[in-house]
Amino acid sequence: MQPLATQILEKEHFAAAVTQPPIERGGQLHQALLEGIANIERLGYQRLAGAGAPYPVSVRTTGGGARNAAWNEIRARTLGVPVSDAAH
């Protein structure tokens, strides 16, 4: 039996996505990566909440990504709370 990763790679829809140059996929690859990162962030907050910490009611962000409105929207949508640039 083949490993699961090999089975997935052989599927037509996945093979087409991998072989198609990123430029032809528009921003889909970038969006998918950002959504994945936001989901990991959500899981972290959920795990902390499961350990007794309060789930955030808002998130403040800093750094270069803080200026990216699309990234902040993805995070806000995924986390279910407002995401805004921290005051400097």
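Helices, as I use the word, are DSSP runs of H or I at least four residues long, and strands are E runs of at least two, both numbered from the N terminus. With that settled, Asn72 sits in helix H4, and H4 is the element I will spend this talk on. What you have in front of you is a predicted model.

Confidence first. The protein chain has a mean pLDDT of 81, with 69% of its residues at 70 or more. Helix H1, residues 4-10, has the lowest confidence, at a mean of 54. Strand S1, residues 59-61, has the highest, at 95.

Now the overall layout. The chain contains 4 helices and 2 strands, and in sequence order they run α-α-α-β-α-β. Of the 88 residues, 20% are buried. Taking contacts with a separation of 6 or more, 50% of them are between residues 24 or more positions apart. The exposed surface of the chain comes to about 6500 Å², and 61% of that is supplied by carbon and sulfur atoms.

On to helix H4, residues 69-79. Which residues of H4 are buried? They are Trp71, Asn72, Ile74, Arg75, Ala76, Thr78 and Leu79. And what do these buried residues pack against? Helix H3, which is residues 28-50, strand S1, and strand S2 at 83-85.

The two ends of the helix are worth a look. At the start of H4, a side-chain oxygen of Asn68 comes to within 3.0 Å of the backbone nitrogen of Ala70. After H4 comes Gly80, with a positive phi near 80°.

Next, the nonpolar side. In soluble globular proteins, nonpolar side chains tend to be buried together. Here the largest nonpolar core has 5 residues: Val59, Ala76, Leu79, Val81 and Val83. Setting aside residues up to four places away in sequence, Ala76 touches Val81 and Val83.

Back to Asn72, where I started. Is Asn72 buried or exposed? Its relative accessible area is 11%, under the 20% cut-off, so Asn72 counts as buried. Beyond residues up to four places away in sequence, Asn72 touches Thr61, Gly65, Ala66 and Val83.

Now the charged residues. How many salt bridges does the structure hold? There are 3.

I will take Arg75 to Glu41 to begin with. The closest N and O atoms of Arg75 and Glu41 are 2.7 Å apart. This pair links distant parts of the chain, with Arg75 in helix H4 and Glu41 in helix H3, 34 residues apart. As for exposure, Arg75 has a relative accessibility of 7% and therefore counts as buried. Glu41, at 18%, counts as buried as well. Contacts of Arg75 outside its neighbours within four places in sequence are Ala38, Glu41, Val59, Thr61, Gly80 and Val83. To put Arg75 together: a residue of helix H4, buried, in a salt bridge with Glu41, and in contact with Val59 and Val83, among others. Val59 and Val83 are also members of the largest nonpolar core.

Then Arg77, which takes part in a salt bridge with Glu35, where the closest N and O atoms are 3.6 Å apart. Arg77 belongs to helix H4 and Glu35 to helix H3, so this pair ties together parts 42 residues apart in sequence. Arg77 also forms a salt bridge with Glu73, the closest N and O atoms being 4.0 Å apart. That distance sits at the 4 Å cut-off for a salt bridge.

Why is there about one helical turn between Arg77 and Glu73? Because the two are 4 residues apart in helix H4. An α-helix has 3.6 residues a turn, so residues three or four places apart point the same way.

Glu35, Glu73 and Arg77 are thus joined in a network of salt bridges. How exposed are the members of this network? Arg77 has a relative accessible area of 48% and is partly exposed. Glu73 is partly exposed too, at 44%, and Glu35 is partly exposed at 26%.

To close on helix H4: its buried residues pack against H3, S1 and S2. Its salt bridges to H3 run from Arg75 to Glu41 and from Arg77 to Glu35. That is what I have.

Technical notes: Residues are numbered from 1 along each chain as its sequence is written. Side-chain values use heavy atoms; hydrogens and water are left out. pLDDT is the predictor's confidence in each residue, from 0 to 100. Buried means under 20% relative accessible area, exposed over 50%, partly exposed in between (1.4 Å probe, protein chains only). Contact means heavy atoms within 4.5 Å. A polar contact is a pair of N or O atoms within 3.5 Å; within protein, one must be able to donate a hydrogen and the other to accept it, and residues adjacent in sequence count only if both atoms are side-chain atoms. Accessible areas come from the Shrake-Rupley method with a 1.4 Å probe; for residues, only the protein chains shown count as cover. A nonpolar core is a set of buried Ala, Val, Leu, Ile, Met, Phe, Trp, Tyr and Cys residues joined through side-chain atoms within 4.5 Å. A salt bridge is a side-chain nitrogen of Lys or Arg within 4 Å of a carboxyl oxygen of Asp or Glu.
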